[in-house]
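The following exercises are to be worked with the sequence and the structure at hand. Each task is followed by a solution in steps.

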Amino acid sequence: MPEPYDVITMGRIGVDLYPLRTGVPLAQVDTFGKFLGGSATNVAVGAARLGRRAAVITRTGRDPFGDYLHQALREFEVDDRWVTAVDAYPTPVTFCEVFPPDDFPLYFYRLPKAPDLEIHPDELDLDAIRSAHIFWMTGTGLCAEPSRTATLAALEARGRAGMTVFDLDWRPMFWPDGAEPGAVYARALRHATVAVGNLDECEVAVGEREPHAAARALLAAGVELAVVKQGPKGVLAVHRDGTRAEVPPVPVDVVNGLGAGDAFGGALCHGLLAGWDLEHVMRYANAAGAIVAGRLACSSAMPYDDEVTRTLADGRVPAGDPPPEPPTAPSTAPSSVRSPEAHS
């Protein structure tokens, strides 16, 4: 049997077109940078940057943008074997406006339908999904068929083996008008061992937005570890065994906050796989997120381990920190696995 993946993610992919001028509205921007995008895909990139064997399950259009995404995934050393083309729909593009420190409007072009919502259950490699040390899925994957059924099928195939992370990822513009996600979120939470979300996403998933109440509600819904992002107040993590950690954010001069959560996710996977104590996992993930918030791009801004370690040691992200260069040798980060239950 092939060696299991450290991380398999499932969900969105697309092309991010980010303005190379910041602080101006989109109508005045005349040059853009082109980047690999999509939350689940970026998490896979983040994990790969930290030395993990990662793959993503998603779909693109059969077009030049789709070709670009395959090329980018391979450059980031993310396995693209389960990234397939859909003839009927174009590869999505996303534009953003960049108004640091906290205003980054997004404009999604995913009509008439995004290919990543055309993942079918019978296309899934369930053996690989079952054997992956971490399987990461998102709320957006539950917003439409056949992606919803495929995502739930993957969760059921896992059977709570290893670590299964539910990124609550609430994007109301992707859901049909009037849709109530509560029931399908509850069904997914019963299969997940880790839930990650901000206060708005926690409120959608479990009806609570006070951080400690939200964490308790997520645990009651079935997960072993609840990770509640509190924005400028940092992050709260509570494990079913009573272990908890609440850590502040890492200071950073924000350039673009859009990729910080995905970097947090990739680093969260890395820390859980390493078996670190809960507080160290949260501090490490916070530092990874801060590094990306200090850069323009998302995928190509994902940090390497030495950058995160340096940021933790310094206590803040250095101003003007440049995008990273590939290391001269592959990371030798450990790939041993402990479940979230091991944190004590």
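**Exercise 1. Surroundings of Val-204**

Task: Determine which residues Val-204 is in contact with, leaving aside its neighbours within four places in sequence.

Solution. The model is a predicted one. Step 1: leaving aside neighbours within four places in sequence, the contacts of Val-204 are Trp-170, Pro-181 and Gly-182. Step 2: Val-204 itself belongs to helix H6. Step 3: its C-alpha lies 8.6 Å from that of Tyr-185, while the two residues are 19 residues apart in sequence. Step 4: the relative accessible area of Val-204 is 24%. Since buried means under 20% and exposed over 50%, Val-204 is therefore classed as partly exposed.

**Exercise 2. Packing of H6 and H7**

Task: Establish whether H6 is parallel or oblique to H7, and describe their contact.

Solution. Step 1: locate helix H6 at residues 199-206 and helix H7 at residues 211-221. Step 2: their axes are 10 Å apart and form an angle of about 40 degrees. Step 3: angles under 35 degrees count as roughly parallel, so at this angle H6 is oblique to H7. Step 4: the crossing of H6 past H7 is left-handed. Step 5: on the H6 side, Leu-199, Cys-202 and Val-206 take part in the contact; on the H7 side, Pro-211, Ala-214, Ala-217, Leu-218 and Ala-221 do so. Step 6: sorted by class, this contact has eight nonpolar, no polar and no charged residues.

**Exercise 3. Packing of H8 and H9**

Task: Carry out the analysis for helix H8 (residues 260-274) and helix H9 (residues 278-293).

Solution. Step 1: the packing angle is about 150 degrees, and the axes are 7 Å apart. Step 2: angles over 145 degrees count as roughly antiparallel, so H8 is roughly antiparallel to H9. Step 3: the crossing of these two helices, H8 and H9, is right-handed. Step 4: H8 contributes residues including Phe-264, Leu-268 and His-270, and H9 contributes residues including Met-282, Tyr-284 and Asn-286. Step 5: the contact of H8 with H9 comprises 13 nonpolar, four polar and no charged residues.

**Exercise 4. Backbone geometry**

Task: Identify which peptide bonds are cis, given Pro-100, Pro-101, Glu-145 and Pro-146, and examine phi at Arg-160 and Asp-169.

Solution. Step 1: recall that most residues other than glycine have a negative phi, and that most peptide bonds are trans. Step 2: Pro-100 and Pro-101 are joined by a cis peptide bond with omega of about 10 degrees. Pro-101 sits in the loop between strand E7 and strand E8. Step 3: a cis peptide bond also joins Glu-145 to Pro-146, with omega of about 5 degrees; Pro-146 is in the loop between strand E9 and helix H4. Step 4: Arg-160, not a glycine, has a positive phi of about 65 degrees. Its place is the loop between H4 and strand E10, and it is partly exposed at a relative accessible area of 30%. Step 5: Asp-169, not a glycine, has a positive phi of about 40 degrees. Asp-169 is in the loop between E10 and helix H5 and, at 3% relative accessibility, counts as buried.

**Exercise 5. Confidence**

Task: State where the pLDDT is below 50.

Solution. Step 1: the chain has an average pLDDT of 92, and 92% of the residues score at least 70. Step 2: the pLDDT is below 50 over residues 326-344, a stretch with 39 contacts in the model beyond near neighbours in sequence. Step 3: where pLDDT is low, the predicted coordinates should not be read in detail.

Key. Residues are numbered from 1 along each chain as its sequence is written. This is a predicted model: local features need pLDDT of at least 70, side-chain atom pairs count only at pLDDT 80 or more; totals for chains, interfaces and linings use all residues. Side-chain values use heavy atoms; hydrogens and water are left out. Axes are lines fitted to C-alpha atoms, for helices over the stretch in contact, and angles run from 0 to 180 degrees between N-to-C directions. Helices (H or I, at least four residues) and strands (E, at least two) are DSSP runs, numbered from the N terminus. Angles under 35 degrees count as roughly parallel, over 145 as roughly antiparallel, 65 to 115 as roughly perpendicular and the rest as oblique. A crossing is left-handed if the near helix is turned anticlockwise from the far one by less than a right angle, and right-handed if clockwise. Contact means heavy atoms within 4.5 Å. Ala, Val, Leu, Ile, Met, Phe, Trp, Tyr, Cys and Pro count as nonpolar, Asp, Glu, Lys and Arg as charged, and the others, Gly among them, as polar. pLDDT is the predictor's confidence in each residue, from 0 to 100. Buried means under 20% relative accessible area, exposed over 50%, partly exposed in between (1.4 Å probe, protein chains only).
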